[in-house]
Amino acid sequence: MKNEDILEAARTRMEEAIDADRENRGRDMDDLQKLIGEQWPDKIRRQREADGKPCLTINRLPQFVRQVTGDIRKMNPAIKVGPSDNKATEEVAEIYEGLIRNIEQRSDASTVYEQTAETAAACSIGWFRVINEWEREDSFDQEIRIQRIRNSFSVYCDPAAQESTREDAGYIFITETMREADFEKAYPGKKASDVAYDAETDGLEHWHSDGKVTVAEYYWKQPVTRTLLMLQDGSTLFKDEAEQEVPEALILREREVDTHKIMWAKITGNEVLEGPQEVPCKYIPVVAVVGEEWHVGEEVYRSSVIRFAKDSQQMYNFFRSSSAEVVQLQPKAPYIGTIKQFQGLERYWQNANSSNYSFLPYNPDEKAPGRPQRETPPLASQGLSSEAMTAAEDMKATTGIYDAALGNRSNEASGVAIRQRQMESDVSTSIYTDNMAKAIATCGRILISMIPKIYDTERVVKILGEDDAIKDIRINTTVMQEGYAVPVNDLSIGSYDLRVSTGPNYSTRRQETQEGMIEFIRAVPGAAQIIGDLVAKAMDWPDADKIADRLAKALPPGMRSIEDLSPEEQQAAQAAQMQQAEQAQQQQAAMAIEMRKNAAEATEAEADAVKAGSEAEQARYEAAEKQLELLMSSGALNEAIAAAVQQQVARVLMSTPAPQGQFPA
């Protein structure tokens, strides 16, 4: 795009964004003014001050905002990263997660999140951003930082955005108003008069007026059509990302994809001061945190915590001021007397209500016997006190935050009832914590998108563990395996997704672990000798680690892990393990020899048994043969054969059926 096209689109979009959000901004500004104590209408304040009446501001609104932001501070949000395709790995996901923790720690992101959420609670919307900058003045490496946008009214957003975090916005402006002299000093060669507008120049009335110039950082999504390739191995690749021409033989399918790239420029109303340049991210790196939001037809209505409590706060101020006015008038009740009683003594009686005279002289008057008398002072009104209390209750009702949640005594007597009322208050304002969690999730997606483009060279980066331990990791490197270069910790390979977890932070969980261990030892005292080193290690005392090491050394060898041993003990343990392994091998060899010996003996015994059986069978055969020879020589054999034949014939005749009508003979 040409600069003229960029500026024309920017002026049109700025006017569109201002017109669409004008009413919300007016209500938001009123919220902030009431929150800081500007709660009396100017006309009423001037009239009361002119009449000498008290005009008290007893500001109860901040306590409701602090209650919401206190819940947000207890969230302890943590971005958890995991692989989302088969190219991603758990190891690289851990690097992403550690990098994000390190970026958050260096950016003081917890403060950024909390202050942005506080702005949303106070005036319905807050903003923060993600930027990339040079790591050092003498470095060519860049780093990522999370930055708060202090003035939420400086951001103008695409009114077509639907998401609460505005991640779907087509454009966003971050503006800064500068005096003409400061502008010319910041941008040498640029004249403030260059951005003046006339009746024929459309859209510039928001950019230069009253001796001030508006400078805007302008983010927009520029449509791009890209060619997506599917290769023979099933992988996909955008054609413009290929380092070299992809051979046609490797392309299985291709299609055109309508997508976008994020562009940035710093502009005035009619000049591009810096850029345009592409932002290394697929999202506009500006995130919104909103309060409550309703869509009334085409109009979007935003609300803060205190939006509907402001009228009750003003009534509370009025009734308390009126009560103070009554009390103020009590010592100023006038004295009643005749003119003669005060004549010549006016200097005393004129100041009687403001000066503490030791005596008040008067002239006796025979027509009015006695001394001048003070008029009965006005009495405090129970109605004013009652209305003030009602206004205070109205503030609680409109915010949904009651005494139990604010730490005040209420009519709940039991702990269960108090917790239930606190829970009701938390539920009524939970949308603020939910929207904060959504904003942090969007921030995480921006970081995941930017990290592989910013950390795109081989380098050593610091990652932060969940326990705040810092490790140095080399990324985007390679190792040689079987003659091929294999990527290691390459952040550009694979896709990763995230979730935001909330709950106690690591320090709180550690404290809970301490308490749980101590309670366990009280219940099982004998466990102290076994887990004493772990208990000491979980403590936050000075030298707790040394105490844990000494207790660990007193444990029996079998109860200590190899990581808990000193280097000398580890070497001794490894030598003992090697010796035990050798002894085990020797025992196995001896057992194998013994088993082979037993097997040989069993085989020999079996052979002997077979031989003995054969010899017995041979003896039986020889005995039968001798008996047969004896029968043949004596003639008994023929007689035995004849008897056997007769028995067989008789058996056959007995089994044959007789003819019908006859009986066997």
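# A tour from a cysteine to a pocket

Start by selecting cysteine 157, which counts as buried because its relative accessibility is 13%. Here buried means under 20% relative accessible area and exposed means over 50%, with partly exposed in between, using a 1.4 Å probe and protein chains only. You are looking at a predicted model, in which local features need pLDDT of at least 70 and side-chain atom pairs count only at pLDDT 80 or more, while totals for chains, interfaces and linings use all residues. Residues are numbered from 1 along each chain as its sequence is written, and side-chain values use heavy atoms, with hydrogens and water left out.

Next, select cysteine 55, which is buried too, at 16% relative accessibility. How many disulfides does a search of the whole structure find? The search finds zero, with a disulfide taken as a pair of cysteine sulfur atoms within 2.5 Å.

**Stop 1: arginine 11 and a distant partner**

Select helix H1, residues 3–35, and pick out arginine 11 within it. Helices (H or I, at least four residues) and strands (E, at least two) are DSSP runs, numbered from the N terminus. Arginine 11 is buried, with a relative accessible area of 16%. Now add asparagine 270: the sequence separates it from arginine 11 by 259 residues, yet the two C-alpha atoms are 8.5 Å apart in space.

Move along to strand S10 (residues 272–278), where you will find proline 276. Show the backbone here, since glycine 275 and proline 276 are joined by a cis peptide bond with omega of about 0°.

**Stop 2: a cavity and the loop beside H5**

Rolling a probe the size of a water molecule over the atoms shows where empty space is left. On a 1 Å grid over the protein atoms alone, a cavity is a set of points where a 1.4 Å probe fits but cannot get out; a pocket is an open set with protein on both sides within 12 Å along at least five of seven lines, and lining residues have an atom within 4 Å of a point. Grid points are joined across faces, edges and corners, and a volume is the space filled by probe spheres set on the points.

A search of the whole structure finds one cavity of 30 Å³ or more, and the volume of the largest cavity is about 30 Å³. To see its lining, select Gln115, Thr116, Thr119, Gly126, Trp127, Arg148, Ile149, Arg150 and Ser152. Colour helix H5 (109–123), strand S2 (125–134) and strand S3 (142–149), each of which supplies at least two of the lining residues. Which element gives the largest share of this lining? That is H5, with three residues. By class, the lining of the largest cavity has two nonpolar, five polar and two charged residues. Ala, Val, Leu, Ile, Met, Phe, Trp, Tyr, Cys and Pro count as nonpolar, Asp, Glu, Lys and Arg as charged, and the others, Gly among them, as polar.

While you are here, select serine 124 in the loop between H5 and S2. Serine 124 is not a glycine, yet its phi is positive, near 85°. Is this serine 124 buried or exposed? Serine 124 is buried, with a relative accessible area of 0%.

**Stop 3: helix H10**

Select residues 382–399, helix H10: these 18 residues reach 26 Å from the first C-alpha to the last, close to the 26 Å expected at 1.5 Å a residue. The expected span of a helix is 1.5 Å times one less than its number of residues. Colour the buried residues Leu384, Ala388, Ala391, Ala392, Met395, Lys396 and Thr399. Look down the axis of H10: these buried residues fall within an arc of 140°, so they line one face of the helix. The arc is that of the directions from the helix axis to the C-beta atoms. Turned away from the buried side of H10 is a face carrying the exposed residues Gln382 and Met389. Just after H10, glycine 400 has a positive phi of about 80°.

**Stop 4: the largest pocket**

Finish at the largest pocket, with a volume of about 2,000 Å³. Its lining has 50 residues, and Phe238, Glu241, Lys453, Ser492 and Gly494 lie nearest its centre. Strands S7 (212–231), S8 (236–238), S9 (251–267) and S20 (496–501), along with helix H13 (430–454), are the elements that give two or more residues to this lining. H13 gives the most, five residues. The helix H13 is itself mostly covered, with 18 of its 25 residues buried.
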